[in-house]
Amino acid sequence: MSDRGAGDSWDGGPVAALRRIAFLLERGREDTYKVKAFRGAAAALLPMPEEQVEAAVEAGTLTDLPGVGASSARVIEEAVRGRVPERLARLEEEYGGPVTAGGQDLRAALRGDLHSHSDWSDGGSPIEEMAFTAIELGHEYLVLTDHSPRLKVARGLSAERLTRQLGVVDAVNEHLGGAGFTLLKGIEVDILDDGGLDQTDELLARLDVRVASVHSKLKMDADAMTRRMVGAIRNPRMNVLGHCTGRLVTGNRGTRPGSQFDARTVFEACAEHDVAVEINSRPERRDPPTKLLELARDTGCLFSIDSDAHAPGQLDFLGYGCERAEQAGIDPDRIVNTWPKDRLLAWANR
Ligand SMILES: [Zn+2]
Ligand SMILES: [Zn+2]
């Protein structure tokens, strides 16, 4: 990466500058409304011929373009004139470094990410933008795991929409032409009250990787919750147990305690059925809590360190999970996303 100080030369063009700013804001956990302006401006500029953008800069009419506001216009102008935009330089300084001090060897060992959302459900960006950013982060694979039908608040995908999405994933991969990266087909499927999974078995079978999570009735009593979770874990389609307690420890959605269940029984079932326990990297989740993480480690479970990204910049949250896994002394070979794609797929479709 070239120098990114204010006034240094910049030859990446305005779209790259706007995308990088949005990425850094998301990664720095800034409010999404701030990010939207820059992503919107990037999308507006993308199909325009270079000369047209330059002409708008010269004429001072950038903000007449739909989707381009004053701060985006400033960034575009500086980038077109070949200088690192001031806003970008400031953000590189503030948010450009590693997200954590620890876990960096493990972060380097991760080959991909098993849990991410697009704007098909409650994510903020299109599928292809998530894929491009995963490539820029050096991932070999990203599993797209939009929500299942029951989660209506998150625009969970019906069987019909998921079927359509599988075609889009094929098209994205075809467009990328290999490039050492594959967007994998997945789902974050709701674990229903009775332990069933909220999608048809036929569709689940067509996916590469399936994360299953509890999103409703988090306060059900511990025995019922244990039966519910173990029921799902026994389903041969299930690969990863997402954010097992559902707790929130910080953030704009407020906090909530984790659900109650017999963790030993649940983790023993995971170990027996080869289901990975997710280490959810989102700072507001930090799920599982440390005691449970250590219990899962001692129970012999596999793990998956996931970003659960709802925006491209959040794909870089993996560092938070890596730091926790390292502190817990988890062997990297027990973390399924250190595995090459073929090994991962063989495990997920055994
Ligand atoms: Zn979830
Ligand atoms: Zn999720």
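## What counts as irregular

Four donors around a metal count as tetrahedral if all angles lie between 85 and 135 degrees, and as square planar if opposite donors are over 155 degrees apart and all others between 65 and 115; anything else is irregular. With that in hand, let's look at this predicted model.

## The zinc site

The zinc ion (ligand 2) has 4 donor atoms with angles of 82 to 170° among them, and its site is irregular. The donors are NE2 of His115, NE2 of His117, OE of Glu188 and OD of Asp308, at 2.1 to 2.2 Å. Along the sequence, these donor residues follow the spacing H-x1-H-x70-E-x119-D. Because His115 sits in the loop between strand E1 (112-113) and helix H7 (127-136), and Asp308 in the loop between strand E7 (302-306) and helix H13 (318-327), the pair ties together parts that are 193 residues apart in sequence.

Glu188 also serves a second metal: it bridges the zinc ion (ligand 2) and the zinc ion (ligand 1), which lie 3.5 Å apart. As for exposure, His115 is buried at a relative accessible area of 0%, and Asp308 is buried too, at 2%.

## Strand E6 and its neighbours

Strand E6 (residues 276-280) is largely enclosed by the rest of the structure, because 5 of its 5 residues are buried. Ala276, Glu278 and Asn280 point one way from E6, while Val277 and Ile279 point the other way.

E6 has parallel partners: strand E5 (residues 240-241), over 2 bridges, and E7, over 5 bridges. Val240 stands opposite Ala276, and Asn280 has Asp306 of E7 as its bridge partner. Helix H11 (residues 263-272) joins E5 and E6 in a right-handed β-α-β unit; helix H12 (residues 290-298) makes another right-handed unit with E6 and E7.

How values were computed. Residues are numbered from 1 along each chain as its sequence is written. Chains are lettered from A and ligands numbered from 1 in the order in which they are written. This is a predicted model: local features need pLDDT of at least 70, side-chain atom pairs count only at pLDDT 80 or more; totals for chains, interfaces and linings use all residues. Side-chain values use heavy atoms; hydrogens and water are left out. Donors are N, O and S atoms within 2.8 Å of the metal (3.2 Å for Na, K and Ca); water is not among the atoms, so sites may look incomplete. Four donors count as tetrahedral if all angles lie between 85 and 135 degrees; four count as square planar and six as octahedral if opposite donors are over 155 degrees apart and all others between 65 and 115; anything else is irregular. Helices (H or I, at least four residues) and strands (E, at least two) are DSSP runs, numbered from the N terminus. Buried means under 20% relative accessible area, exposed over 50%, partly exposed in between (1.4 Å probe, protein chains only). Two strands pair if DSSP finds at least two bridges between them. A crossover is right-handed if, with the strands pointing away from the viewer, the path from the first strand over the helix to the second runs clockwise.
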